[in-house]
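Hello,

Here is the structure I promised to pass on. Please open it alongside this email.

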Amino acid sequence: MLLAASTPRTIGFVILTIVFVGGLVYLFFNIRGAKSEVGSEIELAANRRDDVRDEDLEGKRLDFALGANLVMLTIIGISLPLYWLGEPGRQQGRDKDTARIFTNRGEEIYLEGAQCVTCHGVDGSGGSTSFALTSETGEFIAQVSWQAPALNTVLSRFSEDEVLHTLNYGRNGVMPAWGAPGGGPLTEQQLQEVMFYLRSIQIPAERINEQVEAGLAQAVREHLAVSNGGEVGEVGDEAVSRWLAEARGVRETAHQLAISADASLADPENADDLRWAALDILADGEGLDREAWEQYQKYGALLFANPGTAGSYSCARCHTYGFSFGADEEMTLRVNGRDTPIEGFEDGLTQGGGFFGPNLRGGSTRSQFESAKSHAEFIELGQAVGATYGRGGSGGNGQMPGFGPRVETDTVGPGIDNDLETPYPATLTEEQIDAIVVYERNL
Ligand code: HEC
Ligand code: HEC
């Protein structure tokens, strides 16, 4: 226990122990010594003669001096170790104070200084902003409402360094640059304070799952309404649940197929191998009923373009031009009345056609990721700053988020323990990521 305690505390304990043990030993020998002295001098030694009498020497002054010494000794002997004992607590207390002050200042910047709240919503719950869409040459095209992702899950997607990159440079002209490197108004310390605030508003796994499922249910409802030729309002909850259960059942079928090919995969210890074997089957549709396979891919497509919570859980907001400002399939934007569709948007909304993130169509993910497994792992981890991925993935700025759980290893600023709930929870489950991988590999 002593070893586990922090150094100042250990030293405090050691000093305190030495003082007490030393005190006891002293007392013991003193008392014994005093006893053996009693009556030891029967005759007065020759060199000893009467001097000042004891009564005169041992007066009030001596009592006072001895008393004062005792008090001083007590203070030094007890309060010093006690002070050491309290030291770690004091340090922690100060760290906590700093964290609280930074968090409060960050909140003030979020609400007033930079007004992040007007676009990203209260407590970072997601929102939108009005945006003038312009052509590459700066001509006005249309006024659109552009979704701003939720920030109460942002640390599940990105490391703090990666968030800082977006804060410094902004994104796509719609998220302003806040940091000095991008010409923004906030100082480095203010950005650190914003980060403390962001840490304090991250939401737990259950709420994330609820939000993902709610967005998904909305997407399924719209899909069923379109395919049945009816109204969205006419699609009941039960129909939505049934459709989802069917889609998820396809993955179960793939598990069974994988186990019948290799019985050892049924062993719970081989759960990972089973996942990857089933994912290979799902990616190629081998041995699956065609219609079921297509429904599974549609399920992946709906997750890819999950409309819930300002599109925060979607892939489409970065990989589909127009998704974030609600461009629909029929919407064709033309520059200044001229008959020129703006670049990248010639055919309206092309899912996975590329925007902030690269084009994923035309089997490009198959050539980037040799196996469905490495593809899924990339989506779980995201792209780290400067790291390469796949067959030729660039070392970018880490702007492809990770959708699996995220352990915080880089903290921006003093990085004080702020009751961080790390690892930050995953935003998509393995099962959901698998469906998206299958969709992407067949785009
Ligand atoms: C004028 C509106 C607006 C303001 C103000 C604003 N943002 Fe943004 N922010 C956006 C939009 C829109 C996006 C998404 C950009 C896109 O779709 O490419 C975004 C993206 C982000 C992202 C990337 C998140 C992700 O998951 O991709 C972060 C982080 C962020 N903003 C933080 C902030 C912070 C912190 C502030 C305040 C200091 C702030 N924003 C102020 C509009 C805004
Ligand atoms: C915040 C924006 C953003 C979101 C959201 C996003 N991506 Fe990406 N994605 C990127 C960027 C940027 C890259 C390029 C990274 C690089 O080159 O360093 C990328 C790269 C990729 C690649 C590699 C493509 C290639 O050929 O190199 C795949 C696959 C991918 N993303 C899939 C997804 C999936 C699946 C989702 C949703 C679960 C998703 N992305 C969500 C921004 C995003």
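Below are notes on confidence and on the surroundings of the two ligands.

Confidence first. This is a predicted model. The protein has an average pLDDT of 87, and 88% of the residues reach at least 70. One stretch, residues 334-340, has a pLDDT below 50. In the model it still makes 13 contacts beyond near neighbours in sequence. Where pLDDT is low, predicted coordinates should not be read in detail.

Now ligand 1. It has 26 residues around it. Nearest are Cys-116, Cys-119, His-120, Asn-172 and Met-175. Oxygen atoms of this ligand pair with several side chains. The side chain of Asn-172 has an N or O atom 2.6 Å from a ligand oxygen. For Arg-317 that distance is 2.9 Å. For a polar side-chain atom of Trp-146 it is 3.0 Å. Elements giving two or more residues to this shell are α4 (117-120), β2 (140-148), α5 (154-157) and α6 (160-169). By class, the shell holds 16 nonpolar, seven polar and three charged residues.

Next, ligand 2. Around it sit 28 residues, with Cys-315, Cys-318, His-319, Tyr-389 and Met-400 the closest. His-319 places a polar side-chain atom 2.8 Å from a nitrogen atom of the ligand. Two glutamines face ligand oxygen atoms through a side-chain N or O atom: Gln-368 at 2.7 Å and Gln-383 at 2.8 Å. At least two shell residues come from each of α12 (316-319), α13 (364-368), α14 (372-381) and α15 (430-441). The class count here is 15 nonpolar, 10 polar and three charged.

Best wishes

Definitions and conventions: Residues numbered from 1 in each chain as written. Chains lettered and ligands numbered in written order. Predicted model: local features only at pLDDT ≥ 70, side-chain atom pairs only at ≥ 80, totals over all residues. Heavy atoms only, no water. pLDDT = per-residue confidence, 0-100. Contact = heavy atoms within 4.5 Å. Near = heavy atom within 4 Å. Polar contact = N/O pair within 3.5 Å; in protein donor to acceptor, adjacent residues only side chain to side chain. Helix = DSSP H or I, 4+ residues; strand = E, 2+ residues; numbered from the N terminus. Nonpolar A, V, L, I, M, F, W, Y, C, P; charged D, E, K, R; others polar.
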